[in-house]
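Here is a short briefing on one protein chain. Read it alongside the sequence and the 3D view.

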Amino acid sequence: MGSLCGTMIIILAMLPAILTMADPYCDCDCPQQCEVKLHYYLHQFRAGADHPNRNEEFVTSGGPSGLGAGLIHDWSLTTGLDPNVNIVGRAQGWHIVASQSSPANWYLSQNIVFQDSKYAGSTLQVMGIIEGSEEKVGEWSIMGGTGEFTNARGNIKYRAIKKEDVEWIRELDIQVFYTPNTPSDVQVAKNITKGN
């Protein structure tokens, strides 16, 4: 019993030295995470018979309070405030009134599908709440991704910067962590992780 206790004391005493010798950044081929921050503008042209440029349509009307009203959307994502210039992708999904409060909160589920050269064909799966008043910064979760953004996670902070009857513009700050697909991206990820 005495020798076991003595062995444990020696191991515990040496543990900090052993841990400092271990390299936490292995040179194995295990996937490393990359981070990218993106800044875009989301253009919503609201549904309505007298809105010729709408990029969403009602699919359910909901109850008397509006609860359950739902729309399918195909909003454009751009690098600037002009909805027709520098389109980098589309936010395709649906949003539905999920509260009886006034103004109502909308549940959102969408795929951001990139079409610009660097991320073309890649997607981010996003979900969250669009708060009814949109007077403050909101946040959506990135739940996954494909292509360049394999195994993505992160968040999108958004704020409404234009709210008119027909057009709403939201400014998006996107932070994505993902597993790179190409060997050069893996090397960049390792260098970022190591601080090089």
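A salt bridge here is a side-chain nitrogen of Lys or Arg within 4 Å of a carboxyl oxygen of Asp or Glu. Lys163 and Glu135 meet that description, with their closest N and O atoms 2.9 Å apart. The model is predicted. Its chain has 2 helices and 9 strands, and the structure holds 8 salt bridges.

**Overall layout**

- From the N terminus on, the order of elements is α-β-β-β-β-β-β-β-β-β-α.
- The chain has 196 residues, and buried residues make up 35% of them.
- About 11200 Å² of the chain is exposed, and carbon and sulfur atoms supply 57% of that area.
- Take the contacts between residues at least 6 apart in sequence: 51% of them join residues at least 24 apart.

**Salt bridge Lys163–Glu135**

- Lys163 forms this salt bridge from strand E8 (residues 153–163), while Glu135 sits in the loop between strand E6 (123–130) and strand E7 (138–146).
- The pair therefore ties together parts that are 28 residues apart in sequence.
- Lys163 is partly exposed, at 37% relative accessibility.
- Glu135 counts as exposed, because its relative accessibility of 64% is over the 50% cut-off.

**Salt bridge Glu171–Arg159**

- The side chains of Glu171 and Arg159 meet at 2.8 Å, N to O.
- Glu171 belongs to strand E9 (residues 167–178) and Arg159 to strand E8, so this salt bridge links parts that are 12 residues apart in sequence.
- Is Glu171 buried or exposed? Glu171 counts as buried, with a relative accessibility of 12%.
- Its partner Arg159 is partly exposed, at a relative accessible area of 42%.
- Elsewhere, salt bridges with shared partners join Lys162, Glu164 and Glu167 into one network.

**Salt bridge Glu131–Lys136**

- Glu131 pairs with Lys136, and their closest N and O atoms are 3.8 Å apart.
- Glu131 is partly exposed, with 30% relative accessible area.
- Lys136 is exposed, at 54% relative accessibility.

**Largest pocket**

- The volume of the largest pocket is about 240 Å³.
- Which residues are the closest to its centre? They are Gln44, Arg46, Glu56, His95 and Trp106, out of 14 that line the pocket.
- By class, the lining of the largest pocket consists of 6 nonpolar, 3 polar and 5 charged residues.
- Strand E2 (56–60) and strand E9 each give the lining at least two residues.
- Strand E9 also holds Glu171 of the salt bridge with Arg159.

**Around Ser76**

- Ser76 lies in strand E3 (residues 70–78).
- Ser76 is buried, because its relative accessibility of 4% is under the 20% cut-off.
- Leaving out residues up to four places away in sequence, Ser76 touches Tyr41, Leu42, His43, Asn55, Pro83, Gly89 and Arg90.
- One of these, Gly89, is 13 residues from Ser76 in sequence, and the two C-alpha atoms are 6.2 Å apart in space.

Note on methods
Residues numbered from 1 in each chain as written. Predicted model: local features only at pLDDT ≥ 70, side-chain atom pairs only at ≥ 80, totals over all residues. Heavy atoms only, no water. Buried < 20%, exposed > 50% of the residue type's maximum accessible area, 1.4 Å probe, protein only. Helix = DSSP H or I, 4+ residues; strand = E, 2+ residues; numbered from the N terminus. 1 Å grid on protein atoms, 1.4 Å probe; cavity = no way out; pocket = protein on both sides within 12 Å on 5 of 7 lines; lining within 4 Å. Points joined across faces, edges and corners; volume = space filled by probe spheres on them. Nonpolar A, V, L, I, M, F, W, Y, C, P; charged D, E, K, R; others polar. Contact = heavy atoms within 4.5 Å. Areas by Shrake-Rupley, 256 points an atom, 1.4 Å probe, with all protein chains shown as cover.
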